[in-house]
Amino acid sequence: MKTSTFERVESEVRSYSRSFPKMFDRAQGATIYDQNGRSYTDFLSGCSSLNYGHNDQDLKQALIDYVSRDGIAHGLDMFTDAKEQFLAAFERIILQPRDMDYRVQFTGPTGANAVEAALKLARKVTGRHSVVAFTNGFHGVTLGALAATGNGKHRGGAAIPLGGVARAAFDGYFGADIDTTEMLDRQLSDPSSGFDAPAAIIVETVQGEGGLNAASPEWLRRIETIARKHGALFIIDDIQAGCGRTGGFFSFEGMGLSPDIITMAKSLSGMGLPLAVTLLRPEHDIWSPAEHNGTFRGNNHAFVTARAALEKFWADEGFARKIAGNAAYLEQRLRAMAETNGLSLRGRGMMMGIDTGSGEAAAAICRACFSDGLIIETSGSHDEIVKVLAPLTIPRAQFAAGLDTLETAVRSQMDHWRIAAE
């Protein structure tokens, strides 16, 4: 593999290429190929940006047709047919069936852009500056989103103090017997606690980068109640957990939640194209024109594939049922691996993993998987979680084979680490 160009030109900030040092040149479904034609099963899926797999044929054809007729590629936030068709499909397929009344704000192209807009708007609506975020939360690495992110390595990259955020304990942070919502409510209710009245409380229902910590519906409902009680907006960051990753289109479906603001990105475009949105209740839509903007807030190519994804996968309940079947199979396989090796299971839906208890052990498992043709990564405070983010559309036979590879790696590497520890 020719790496000299990357080593000579590209910044040292690159990361995934260090874990997977191959030159990849094509992909289809749940399979990615290197330049020598070797196939790899993809359990990373662009960190949940490819929930529908690589190059879905229908989404790809929709984009080819659009480009072939010289459809608008870049239009700032001007009206285009691609944008109108996406918005109409989103309203018809996603919002109306769920009785959800939200405006759609197109931000810059990444999830961090959507979070920045959400935090800025919450502060504008409430006139307050502080935001409550949670331990192990990850909301992006631009400065505003980074202030709400818990990861110390990423926070250190800012090289300046990160303010405007108060940190609260996520569900289960102190163990199952400690109700962290009671702690938060008490702190916000006490004028001498040091907590300023918050503009918003922002939370992930499942913490993707933070270690697949899954909040219970009861805990999330109490957090929303606390936000209402204290005059804060309730924000759900659904960037990694949404678009079917945890089952429904939104990760909080069926939980009785009604967030003020929802952030989405990653798999929203359906095909890995940059697209992020901030969904906001109409009464909070108090922006002045261009008050929050971005040159690439109108990715028409992504509008085309996003619409096609909605129409193909979300027009009825069939896809959600398929996700539930794959998720049940994943849980069964991972639970067996965990129990056999004295480990524990983390996450929810098609967003699950195994807690190895050690970043070194998890890294060794991922290296062994990659050697055997499986791309998989870690998450967690110490990178101790081996995280499965397979495409939601992965064929069962390929899914089973990939989990077989993972099972072999877990068994061999955990045996090695136990022997070394003795």
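**Reasoning through a predicted structure**

Student: Why is Thr180 called buried?

Tutor: The model is predicted, and in it Thr180 has a relative accessible area of 3%. Buried means under 20%, so Thr180, at 3%, is buried.

Student: Where does Thr180 lie, and what does it touch?

Tutor: Thr180 belongs to helix α9. Setting aside residues up to four places away in sequence, Thr180 touches Ala169, Phe170, Asp171, Phe174 and Trp219.

Student: What makes the approach of the Thr180 side chain to the backbone oxygen of Phe170 a polar contact?

Tutor: The distance between them is 3.5 Å. A polar contact is a pair of N or O atoms within 3.5 Å, so this pair, at 3.5 Å, meets the limit.

Student: Trp219 was among the residues touched by Thr180. Which residues of helix α10 are buried?

Tutor: The buried residues of α10 are Trp219, Leu220, Ile223, Glu224, Ile226 and Ala227.

Student: How do you know that the buried residues of α10 line one face of the helix?

Tutor: Viewed down the axis of α10, the buried residues fall within an arc of 160°, and therefore they line one face. On the face turned away from that buried side are the exposed residues Thr225 and Lys229.

Student: What covers the buried residues of α10?

Tutor: The cover includes β5 (131-134), α9 (180-189), β7 (200-203) and β10 (233-237). Thr180 is itself in α9.

Student: How do you know that the length of α10 agrees with its number of residues?

Tutor: Helix α10 covers residues 217-229, which is 13 residues. At 1.5 Å a residue the helix should span 18 Å, and its end C-alpha atoms are 18 Å apart, so the two values agree. After α10 comes Gly231, whose phi is positive, near 70°.

Student: Why is Lys120 called partly exposed?

Tutor: Lys120, in helix α6 (residues 111-126), has a relative accessible area of 38%. Buried requires under 20% and exposed over 50%, with partly exposed in between, so 38% places Lys120 in the middle class.

Student: What does Lys120 touch, and with which side chain does it make a polar contact?

Tutor: Beyond residues up to four places away in sequence, Lys120 touches Trp287, Glu291 and His292. The polar contact is with the side chain of His292, at 3.0 Å.

Student: What joins the side chains of Asn136 and Ser381?

Tutor: A polar contact of 2.7 Å joins them; this value lies within the limit of 3.5 Å. Asn136 is in the loop between β5 and α7 (143-148). Apart from neighbours within four places in sequence, Asn136 is also in contact with Tyr173, Glu204, Gln207, Gly210 and Asn213.

Student: In the sheet with the order β13-β14-β17-β16, what makes β13 and β16 edge strands?

Tutor: This open sheet has four strands, and the pairing is antiparallel. β13 (344-348) and β16 (377-379) each have a single partner strand, so one side of each is left without a neighbour in the sheet. From one strand to the next the twist averages 35°.

Student: How do you know that β13 and β14 pair?

Tutor: Pairing requires at least two bridges, and β13 and β14 (residues 351-355) have five, in the antiparallel sense. Across this pairing Arg346 stands opposite Gly353, and Arg348 opposite Met351. The two strands form a hairpin with two residues between them, and Gly349 in the turn has a positive phi of about 65°.

Student: How many bridges do β14 and β17 have?

Tutor: They have four, again in the antiparallel sense. Asp355 of β14 stands opposite Ile385 in β17.

Student: What makes β14 mostly covered?

Tutor: Five of its five residues are buried. Helix α12 (residues 318-340) packs on the sheet and touches β13, β14 and β17 (385-388), its direction making about 0° with that of β14.

Student: In the open sheet β1-β2-β3-β15, why are β1 and β15 called edge strands?

Tutor: β1 (24-28) and β15 (374-375) each pair on one side only. The pairing in this four-stranded sheet is mixed.

Student: How do you know that β3 pairs with β15?

Tutor: Two bridges join β3 (residues 39-42) to β15, and the strands run parallel. The requirement is at least two bridges, so the pair qualifies. Asp42 has Ile375 in β15 as its bridge partner.

Key
Residues numbered from 1 in each chain as written. Predicted model: local features only at pLDDT ≥ 70, side-chain atom pairs only at ≥ 80, totals over all residues. Heavy atoms only, no water. Axes fitted to C-alpha atoms, helices over the stretch in contact; angles between N-to-C directions. Contact = heavy atoms within 4.5 Å. Expected span 1.5 Å × (residues − 1). Buried < 20%, exposed > 50% of the residue type's maximum accessible area, 1.4 Å probe, protein only. Arc of directions from axis to C-beta. Polar contact = N/O pair within 3.5 Å; in protein donor to acceptor, adjacent residues only side chain to side chain.
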